[in-house]
Structures are given as C-alpha cells and as structure tokens.
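Open the model in your viewer and keep the selection tool at hand. The tour goes stop by stop.

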Amino acid sequence: MIDVPAQLALLGAQCEALRGPAWCTPTVVQGLAAISRHETGFSRYRPFYKAATPEEPEWYAWNFGAMQCGARPDAGACPEGCFPAGDSSPVTGAYLACFQVHPTPEAGALAFAKLVLVQRPGIAAALPSGDTLVIARAMYEARYYEGHGATV
C-alpha cells in the first residue's frame with residue numbers, strides 16, 4: 001500500500017528546497033504527486049520496484065517520474081546508475097530504455113522535482129493551475145511524454 005500523505009510530504013520538501021515554501025502550495029505539490037503516481041506509483045510500480053524473493057532482496061529504483069538516462073541499453077546493459085526496461089511511444093512503438101536509479105527516496109524525489117520544476121519550466125508554470133489538462137498539455141509540449149496518438 002502506498003502511503004500517499006508521506007509521498008506528498010516528501011515531494012513537498014523537495015519542491016520547497018528548489019522553489020521555496022510560498023511557491024510550493026498544496027495544489028503544486030498535489031500536481032507533482034499526481035504525475036509521480038501516474039508515472040511510477042512513487043517508484044512502487046514495476047519495473048521501478050521488485051518484491052523480495054528468496055533469491056533477491058526487495059528493490060526500488062527510487063525513480064519518481066519514469067525518468068530515463070538518455071541512453072539505450074547496449075545488449076541489455078545500461079550506464080551505471082540506470083537499469084533497462086521497456087517503454088513505449090505512440091510514434092515509434094515499444095522500445096528498451098535505460099531508466100534512472102537513485103539511492104534514496106529523497107534523492108529520487110529531488111531529481112524528479114528538478115526535472116519538473118527547473119528543467120521543464122513550462123510544466124512548473126502549469127502546476128499552480130491545478131488543471132489536469134493544462135498540466136498534461138505542458139508536459140506534452142515539454143516532451144515529457146509523446147501522448148497516446150498522433151495529436152495532443
């Protein structure tokens with residue numbers, strides 16, 4: 001079970017570290033949480049989480065936004081700090097990508113917050129609206145995702 005209040009607190013703290021408490025309103029933090037929950041379930045959806053087995057311990061990528069490393073796996077291997085997993089595009093179809101791995105939830109949440117709030121200013125500008133369509137359009141325009149078809 002995902003402890004959503006704890007995730008809101010974690011993302012809120014990272015938001016405040018980057019943009020300050022006055023900017024990081026509950027609406028903004030909820031927008032961050034909505035993106036993260038959709039993308040990776042706060043790093044609890046497969047492949048960003050693996051339950052423990054007798055052979056291997058529980059594992060988290062601590063990737064809060066399905067953030068890729070900018071590399072494609074070579075023979076199933078990714079650069080250090082990344083892992084291979086499938087992704088898809090409505091333009092090119094399914095493909096294998098390298099996704100970021102972070103050592104702690106705080107580090108992963110901070111990397112996600114930096115991506116959305118600093119590196120993609122259009123998304124940051126849309127978050128205070130609290131409007132799902134406005135935020136999704138800003139994500140699409142920032143190439144955070146390619147949509148589900150040929151048009152927005």
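Is T27 buried, partly exposed or exposed? Select T27 and show its surface. T27 is partly exposed, because its relative accessible area is 37%, between the 20% and 50% cut-offs. Keep in mind that this is a predicted model.

**Around T27**

T27 sits in helix 2. Now select what touches T27 from beyond four places in sequence: L127, P128, S129 and G130. Add D131 to the selection. Its C-alpha is 9.5 Å from that of T27, although the two residues are 104 apart in sequence.

**The whole chain**

Zoom out and colour by secondary structure. You should find five helices and four strands. Going along the sequence, the order is α-α-β-β-β-β-α-α-α. The C-alpha trace spans about 45 × 35 × 25 Å along its principal axes. How does the radius of gyration compare with that of a compact globule? A compact globule of 152 residues would be near 15 Å, and the chain has 16 Å, so the two agree.

Switch on burial colouring. Of the 152 residues, 37% are buried. Then turn to contacts between residues at least 6 apart in sequence: 51% of these join residues at least 24 apart. Show the surface next. About 8,500 Å² is exposed, and carbon and sulfur atoms supply 55% of that area. Colour by charge to pick out 10 positive and 13 negative side chains. The centres of the two sets are 5 Å apart.

**Helix 1**

Select residues 4-19, which form helix 1. Helix 1 runs 22 Å from first C-alpha to last over 16 residues, close to the expected 22 Å. Which of its residues are buried? They are Q7, L10, L11, G12, Q14 and C15. Helix 2 and helix 3 are among the elements that cover them. Step off the end of helix 1 to G20, where phi is positive, near 90°.

**Helix 3**

Select residues 105-119 for helix 3. Why does its length fit a helix? At 1.5 Å a residue, its 15 residues should span 21 Å, and the end C-alpha atoms are 20 Å apart, so the values agree. Now pick out the buried residues of helix 3: G108, A109, A111, F112, A113, L115, V116 and L117. Show their cover, which includes helix 1, helix 2 (26-40), strand 4 (93-100) and helix 4 (121-126).

**Backbone stops in the loops**

Go to the loop between helix 2 and strand 1 (49-50), where P47 is placed. The peptide bond joining R46 and P47 is cis, with omega about 5°. In that loop, also select S43. S43 is not a glycine, yet its phi is positive, about 70°. S43 counts as buried because its relative accessible area is 0%, under the 20% cut-off.

Move on to the loop between strand 2 (59-60) and strand 3 (82-89), and select A66. A66 is another residue other than glycine with a positive phi, here near 50°. Its relative accessible area is 18%, so A66 is buried.

**Last stop: Y145**

Select Y145, in the segment after helix 5 (132-141). At 27% relative accessibility, Y145 is partly exposed. Beyond its neighbours within four places in sequence, Y145 is in contact with A136, M139 and Y140. Finally, draw a C-alpha distance from Y145 to S88: 9.9 Å, across 57 residues of sequence.

Notes: Residues numbered from 1 in each chain as written. Predicted model: local features only at pLDDT ≥ 70, side-chain atom pairs only at ≥ 80, totals over all residues. Heavy atoms only, no water. Helix = DSSP H or I, 4+ residues; strand = E, 2+ residues; numbered from the N terminus. Expected span 1.5 Å × (residues − 1). Buried < 20%, exposed > 50% of the residue type's maximum accessible area, 1.4 Å probe, protein only. Contact = heavy atoms within 4.5 Å. Rg over C-alpha atoms; globule rule 2.2 N^0.38 Å. Areas by Shrake-Rupley, 256 points an atom, 1.4 Å probe, with all protein chains shown as cover. Lys, Arg positive; Asp, Glu negative; His and termini not counted. Charge placed at Lys NZ, Arg CZ, Asp CG, Glu CD.
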